[in-house]
Amino acid sequence: MSQAGFDPVIHAPARLQIMGVLAGVQDAEFALLRDTVQVSDSVLSKHLAQLADAGYIRLRKATQDGRQRTWAALTREGRRAFVQHVKALQIMARIADRLAAE
């Protein structure tokens, strides 16, 4: 993560959406994330792996209704990184608003 808070791991649109969903819940099931982000299973798996490798999410697998399912949850580090990333985006948006007003 950069010192300014902008995080290229989080910034990719699908990963930003995943982090946004996870910031509002305790955990989310794979299918919910896939449907929200509107990507294929394989693409979602790759994004989740990148976030997990960065230490931003924790993945949990368990059997439910006779099927193997995956849940994702933000880690403490992931929550902190997401908040800092959003703050960096807000700063950029304020700068853009000021430039547009000139």
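**Charged side chains, asked and answered**

Colleague: Why is D65 called exposed?

Modeller: The relative accessible area of D65 is 67%. Exposed means over 50%, so D65 counts as exposed. The model is a predicted one.

Colleague: What makes R69 and D65 a salt bridge?

Modeller: Their closest N and O atoms are 4.0 Å apart. The rule asks for a side-chain nitrogen of Lys or Arg within 4 Å of a carboxyl oxygen of Asp or Glu, so the pair is counted.

Colleague: And R69, is that residue buried or exposed?

Modeller: R69 has a relative accessible area of 17%. The cut-off for buried is under 20%, so R69 is buried.

Colleague: What makes R60 and D27 a salt bridge?

Modeller: The N to O distance between their side chains is 3.1 Å. This is within 4 Å, so the pair is a salt bridge. R60 belongs to strand 2 (residues 57-64), while D27 sits in the loop between helix 2 (13-23) and strand 1 (28-29). The two residues are 33 apart, and the pair links distant parts of the chain.

Colleague: Why does R60 count as partly exposed?

Modeller: R60 has 41% relative accessibility. Partly exposed lies between the 20% and 50% cut-offs, so R60 falls in that class. D27, at 30%, is also partly exposed.

Colleague: How do you know that D41 forms a salt bridge with R34?

Modeller: The closest N and O atoms of D41 and R34 are 3.0 Å apart, and the limit is 4 Å, so the pair qualifies. R34, D41 and D35 are linked in a network of salt bridges. D41 is partly exposed at 41%, and R34 is partly exposed at 24%. By this rule the count of salt bridges comes to five.

Colleague: Why does D7 have no salt bridge?

Modeller: The nearest side chain of opposite charge is that of R80, 7.4 Å away. A salt bridge needs the atoms within 4 Å, so D7 and R80 do not make one. D7 is nonetheless buried.

Colleague: Where does D7 lie, and what does the side chain of D7 lie 2.9 Å from?

Modeller: D7 is in the segment before helix 1 (8-11). A polar atom of the D7 side chain is 2.9 Å from the backbone nitrogen of V9.

Colleague: What makes T63 exposed?

Modeller: T63, in strand 2, has a relative accessible area of 59%. The cut-off is over 50%, so T63 is exposed.

Note on methods
Residues are numbered from 1 along each chain as its sequence is written. This is a predicted model: local features need pLDDT of at least 70, side-chain atom pairs count only at pLDDT 80 or more; totals for chains, interfaces and linings use all residues. Side-chain values use heavy atoms; hydrogens and water are left out. Helices (H or I, at least four residues) and strands (E, at least two) are DSSP runs, numbered from the N terminus. Buried means under 20% relative accessible area, exposed over 50%, partly exposed in between (1.4 Å probe, protein chains only). Lys and Arg count as positive and Asp and Glu as negative; His and the chain ends are not counted. A polar contact is a pair of N or O atoms within 3.5 Å; within protein, one must be able to donate a hydrogen and the other to accept it, and residues adjacent in sequence count only if both atoms are side-chain atoms.
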